[in-house]
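Student: I have a structure to look at and would like to learn how to read its features one by one. Where should I start?

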Amino acid sequence: MAPPKAVTSKVRSMSTDSGDKSQSDAQYWAELLHLVARDRDREAFRKIYDYFAPRIKAYAMNQGISQQADELVQEVMTSVWRSADKYVDSLASASTWIFTITRNQRIDLLRKMGRMKAEINVETEDLWQIPTEDSTVRSIQALSAEKHLRQSIGELPEEQMIAVRKVYYEGKTHQEVAEELNVPLGTLKGRLRLSMQKLRLMLETKEL
Amino acid sequence: MSKHHPDEVTLLDYSAGTLAMPQSLAVAMHLFLCDSCRAQVKKLNSLGGALLEQSEPRQVKVRDFDQFMAGIDKDGPGESASAIEVPQASALRNPLHGFLPKRLEDIQWRQQTREIAEYDLTERLGVSGFRIGLQKISAGARVPEHTHKGRELTVVLSGGFSDELGVYHEGDFVSRDGSHQHSPTALQNEDCICLTVLDAPLRFLGLYRLLNPFMHWS
């Protein structure tokens, strides 16, 4: 099933937009997801796959579940292909949507393996709800906040950024991160707290 | 609108998916009741999205796209192994919706003292090493002074209580550990119902220390 020519060329031209890069990236991925949802467009999905599959695999490897890395990629990309119509671009950027799916399926994998401390029978989807319709958080604001967030990350001091990345992207406990960075646990917690406060502050000033 | 929230780092761990399950349940319950933390978690999720998108994996080999799609085609549009159906964006759900009756009034409480009742969820939730339950303290009643060996997370579901450190109302998230010693008292006008997540036994002080042997669990 080849995608119509017009669509493919549209996909190609989208990435050449100049101007705000993070904004155009967000539009690019959102548009691809919509093409997947609307037309089951394989070329659009190929672009998503080629970009995100290796990143999801690297995420899994960083999280210390190398054995299950391919399984995670398989499940996440299958979900993205099948559920692209569930993506609502006013609620979150495409990469955030893919991240939340990845995180939840990683948690499900750990639960299946019995490696999540103190198992609990509540569905993962109930504990970590995927971006929901939320009348209280205005959606336009949500997207512009995301854009600012991306800019703000770059403004964090390096040592704070490293701490955040390790907790987030590598799924390490505070104790493990502290040992790796060779700093006392209290210092690490301080860095995390500072970085969260800084991000919050940067976002507040920009949201005005 | 709640005034007491999980600290930033707890929300970060929750959003990263590294917070232990029982504690994540307490956070999810608070999020169900708190708009501002829900907004904060949205931002943290986008932090995760940005980190994923901006990562630059080197020498990571994944299945070729055409192979992947061949697998999808073979499985057909219906069921495949275990790929999860992503739910439709929908109204927020109470994370315990499958474990509690529709109305808090219909809970089958187990009376512990005349003024304190409990609905233990530990077994139904299949948790080990933690204790999870709802507590109901009659209006105006006081829980004997106690401290904690580990961490106690409390989310107020209805009514409110006060202790040595503050006053808490519906939606508030309270974290206490061994450094705190407190005797929560329900507010005067209505019964207080809380979700409590404990990762180690309570230790009652004073005369009530006699209760201690009964407060352990395996």
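Tutor: Start with a single residue and its surroundings. This is a predicted model, and A:Ala94 counts as buried because 25 other C-beta atoms lie within 10 Å, where 20 or more are needed.

Student: Where is A:Ala94 placed?

Tutor: A:Ala94 is in helix α5 of chain A, which covers residues 94-112.

Student: Which residues does A:Ala94 touch, not counting those up to four places away in sequence?

Tutor: A:Ala94 touches A:Ala26, A:Trp29, A:Ala30, A:Leu33 and A:Tyr87. A separation along the chain can be set beside a separation in space: A:Ala94 and A:Asp25 are 69 residues apart along the chain, with 9.4 Å between their C-alpha atoms.

Student: What does chain A look like as a whole, in helices and strands?

Tutor: Chain A has ten helices and zero strands. Along the sequence, the pattern reads α-α-α-α-α-α-α-α-α-α. Chain A has 208 residues, and 44% of them count as buried. Taking the contacts in chain A between residues at least 6 apart in sequence, 64% join residues at least 24 apart.

Student: How do I read the packing of two helices, and at what angle do α4(A) and α5(A) pack?

Tutor: Take the angle and the axis separation, then the handedness, then the residues. The angle between α4(A) and α5(A) is about 135°, and their axes are 10 Å apart. The two helices are therefore oblique to each other. Their crossing is right-handed.

Student: Which residues make the contact between α4(A) and α5(A)?

Tutor: From α4(A) come A:Glu71, A:Leu72, A:Glu75, A:Val76, A:Ser79 and A:Val80. From α5(A) come A:Ile98, A:Ile101, A:Thr102, A:Gln105, A:Arg106 and A:Leu109. By class, the residues of this contact are six nonpolar, three polar and three charged.

Student: Now a pair in chain B. At what angle do the axes of α1(B) and α3(B) cross?

Tutor: The axes of α1(B), residues 8-16, and α3(B), residues 35-54, cross at roughly 55° and come within 9 Å. That angle makes α1(B) oblique to α3(B). The crossing of this pair is right-handed.

Student: Which residues of α1(B) and α3(B) make the contact?

Tutor: On the side of α1(B) they are B:Leu11, B:Leu12, B:Tyr14, B:Ser15 and B:Ala16. On the side of α3(B) they are B:Cys37, B:Gln40, B:Val41, B:Leu44, B:Asn45 and B:Gly48. Seven residues of this contact are nonpolar, four are polar and none is charged.

Student: How should an interface be described, and how many residues of chain A are in contact with chain B?

Tutor: The size of an interface is often given as the accessible area lost when the parts come together. Here the description uses residue contacts: 73 residues of chain A are in contact with 57 residues of chain B. On the side of chain A, at least two residues each are supplied by α3 (42-62), α4 (69-83), α5, α6 (124-127), α7 (139-153), α8 (158-169) and α10 (185-207). The largest share, twelve residues, comes from α5(A). The residues on this side of chain A divide into 34 nonpolar, 16 polar and 23 charged.

Student: Backbone angles next. Which residue in the loop between α9 and α10 of chain A should I look at?

Tutor: Look for a positive phi in a residue other than glycine. A:Asn182 lies in that loop, with α9 spanning 174-181. A:Asn182 has a positive phi of about 60° although it is not a glycine. A:Asn182 is exposed, because just 7 other C-beta atoms lie within 10 Å and the cut-off is 12 or fewer.

Student: Is B:Gln59 buried or exposed?

Tutor: B:Gln59 is exposed, with 6 other C-beta atoms within 10 Å. B:Gln59 lies in the loop between α3 and α4 (65-75) of chain B, and its phi is positive, about 55°, although it is not a glycine.

Student: What confidence does the predictor give to chain B?

Tutor: The mean pLDDT of chain B is 84, and 84% of its residues reach 70 or more. Among the elements of chain B, strand β7 (residues 166-169) has the highest mean pLDDT, 95, and strand β12 (residues 202-204) has the lowest, 57. Over residues 210-218 of chain B, pLDDT stays under 50, and the model has eight contacts beyond four places in sequence for this stretch.

Student: What ipTM and pTM does the predictor give the complex?

Tutor: The complex is given an ipTM of 0.85 and a pTM of 0.85.

Terms used:
Residues are numbered from 1 along each chain as its sequence is written. Chains are lettered from A and ligands numbered from 1 in the order in which they are written. This is a predicted model: local features need pLDDT of at least 70, side-chain atom pairs count only at pLDDT 80 or more; totals for chains, interfaces and linings use all residues. Axes are lines fitted to C-alpha atoms, for helices over the stretch in contact, and angles run from 0 to 180 degrees between N-to-C directions. Helices (H or I, at least four residues) and strands (E, at least two) are DSSP runs, numbered from the N terminus. Angles under 35 degrees count as roughly parallel, over 145 as roughly antiparallel, 65 to 115 as roughly perpendicular and the rest as oblique. A crossing is left-handed if the near helix is turned anticlockwise from the far one by less than a right angle, and right-handed if clockwise. Two residues are in contact if their C-beta atoms, placed from the backbone, lie within 7 Å. Ala, Val, Leu, Ile, Met, Phe, Trp, Tyr, Cys and Pro count as nonpolar, Asp, Glu, Lys and Arg as charged, and the others, Gly among them, as polar. pLDDT is the predictor's confidence in each residue, from 0 to 100.
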